[in-house]
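This briefing covers fold, helix packing, aromatic pairs and a few single residues. The sequence and structure come first, and the notes follow by topic.

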Amino acid sequence: MAIHPAKLSLVFVIPVLASGAASAHGIHGPDRAFIEANSGFAPAAFMYLGAKHMITGYDHLLYLAGVVFLLRNFRDVIKLVSLFALGHSITLLFGVLANVQVNAYLVDALIGFSVVYKAYENLSYLTRNKVRPTGVSASIPFAVFSFGLVHGFGLATKLQEFNIPKEGLVTNILSFNIGVEVGQVLALAGIVAVCKFYHRLSNFNTFFVFANWLILFAGFLLMGYQLTGYFYA
């Protein structure tokens with residue numbers, strides 16, 4: 001029996017609502033203690049932390065959910081997700097290794113904006129064309145790569161909260177980045193499966209509109225929380 005689209009689409013926003021708009025996927029508890037205590041090469045541990053960080057990174061996943069909603073061709077999924085991964089890998093590595101300092105609240109507000117932008121773009125596409133999305137327009141790859149750069153700085157600001165020892169730094173950060181990519185693939189597998197399922201049904205447009213309105217709301221929630229932190233923290 002088919003699940004109502006309104007219920008199924010909640011998988012994209014439940015992490016945000018349940019978190020109480022907590023600071024975007026910070027590193028806490030034992031993971032934080034490990035990073036602060038580590039004083040050498042630990043690629044496996046940092047890879048695990050990267051994967052865990054991405055799977056719980058609901059802001060990144062909301063944006064990527066918006067991206068794959070438009071796609072019916074698996075090659076397009078690979079293309080756009082790869083561009084996003086390239087973008088956030090560049091700024092994650094550059095931000096941490098070159099110690100580029102950016103305001104975490106503003107970066108996370110921009111990440112929230114990327115979620116709003118993607119959902120609005122999806123809803124506008126469907127309004128203009130009145131049909132199911134079938135491909136990738138020329139402007140989408142550039143936007144996905146650009147927002148990937150922003151998301152990478154968001155990841156970098158989380159690692160910059162810690163005094164990571166210089167010994168093994170490059171190897172550990174590269175391992176963390178690999179873990180992020182692994183976590184991204186694992187999380188996206190479920191999202192793509194849901195979208196593929198609904199692409200085959202007659203009520204796809206209903207699911208598409210409802211889910212993207214929820215993503216839009218979640219993006220505004222993230223933006224509001226981070227901007228409040230920037231002005232009043």
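A crossing of two helices is right-handed if the near helix is turned clockwise from the far one by less than a right angle, and left-handed if anticlockwise. In this predicted model, helix 4 passes helix 9 in a right-handed crossing. The protein chain has 10 helices and 0 strands, and the points below deal with how some of these helices meet.

**Overall fold**

- Along the sequence, the pattern of the protein chain reads α-α-α-α-α-α-α-α-α-α.
- The protein chain has 233 residues, of which 51% count as buried.
- Among contacts in the protein chain with a separation of 6 or more, 89% are between residues 24 or more positions apart.
- About 10900 Å² of the protein chain is exposed, and carbon and sulfur atoms supply 69% of that area.

**Helix 4 against helix 9**

- Helix 4 (residues 43-55) and helix 9 (residues 169-199) have axes that come within 6 Å and cross at roughly 40 degrees.
- Helix 4 is therefore oblique to helix 9, since angles under 35 degrees count as roughly parallel and 65 to 115 as roughly perpendicular.
- On the helix 4 side, the contact is made by Pro43, Phe46, Met47, Leu49, Gly50, Ala51, His53, Met54 and Ile55.
- On the helix 9 side, the contact residues are Thr171, Asn172, Ser175, Phe176, Ile178, Gly179, Val180, Gly183, Gln184 and Leu186.

**Helix 5 and its partners**

- Helix 5 packs with helix 9 at an angle of about 40 degrees, and their axes are 10 Å apart.
- The crossing in which helix 5 passes helix 9 is right-handed.
- From helix 5, Leu61, Leu64, Ala65, Val68 and Phe69 meet Gln184, Ala187, Leu188, Ile191, Val192, Cys195 and His199 of helix 9.
- Gln184 of helix 9 is listed in the contact with helix 4 and also in the contact with helix 5.
- Helix 5 also packs with helix 8, at an angle of about 170 degrees and with the axes 11 Å apart.
- That angle makes helix 5 roughly antiparallel to helix 8, because the cut-off for this class is over 145 degrees.
- Asp59, His60, Tyr63 and Val67 in helix 5 are the residues that meet helix 8, where their partners are Ala143, Val144, Phe147, His151 and Leu155.

**Aromatic pairs**

- The whole structure contains 9 aromatic pairs.
- One of them joins Phe69 and Phe208, edge-to-face, with 5.6 Å centre to centre and 80 degrees between the planes.
- Phe69 lies in helix 5 (residues 58-69) and Phe208 in helix 10 (residues 204-232), so this pair ties together parts 139 residues apart in sequence.
- Phe69 counts as buried, at 0% relative accessibility, and Phe208 likewise counts as buried at 0%.
- Tyr117 and Phe147 form a tilted pair, because their ring centres are 5.4 Å apart and their planes stand at 55 degrees.
- Tyr117 belongs to helix 7 (residues 104-129) and Phe147 to helix 8 (residues 139-159), so the pair ties together parts that are 30 residues apart in sequence.
- Tyr117 is partly exposed, with a relative accessible area of 31%, whereas Phe147 counts as buried at 12% relative accessibility.
- Tyr63, Phe84, Phe113, Tyr117 and Phe147 form one aromatic cluster.
- Two members of that cluster, Tyr63 and Phe147, are also listed in the contact between helix 5 and helix 8.

**Single residues**

- Leu93 is placed in helix 6.
- Leaving aside residues up to four places away in sequence, Leu93 touches Ala98, Ile173, Leu174 and Asn177.
- The C-alpha atom of Leu93 is separated by 8.9 Å from that of Phe153, which is 60 residues away along the chain.
- Asn99 sits in the loop between helix 6 (74-97) and helix 7.
- Although Asn99 is not a glycine, its phi is positive, at about 55 degrees.
- Glu161 is found in the loop between helix 8 and helix 9.
- The relative accessible area of Glu161 is 43%, so this residue is partly exposed.
- Between the C-alpha atoms of Glu161 and Ala104 the separation is 9.8 Å, with their positions 57 residues apart along the chain.

Terms used:
Residues are numbered from 1 along each chain as its sequence is written. This is a predicted model: local features need pLDDT of at least 70, side-chain atom pairs count only at pLDDT 80 or more; totals for chains, interfaces and linings use all residues. Side-chain values use heavy atoms; hydrogens and water are left out. Rings of Phe, Tyr and Trp (its six-membered ring) pair if their centres lie within 6.5 Å; planes under 30 degrees apart count as stacked, over 60 as edge-to-face and the rest as tilted. Helices (H or I, at least four residues) and strands (E, at least two) are DSSP runs, numbered from the N terminus. Buried means under 20% relative accessible area, exposed over 50%, partly exposed in between (1.4 Å probe, protein chains only). Contact means heavy atoms within 4.5 Å. Accessible areas come from the Shrake-Rupley method with a 1.4 Å probe; for residues, only the protein chains shown count as cover. Axes are lines fitted to C-alpha atoms, for helices over the stretch in contact, and angles run from 0 to 180 degrees between N-to-C directions.
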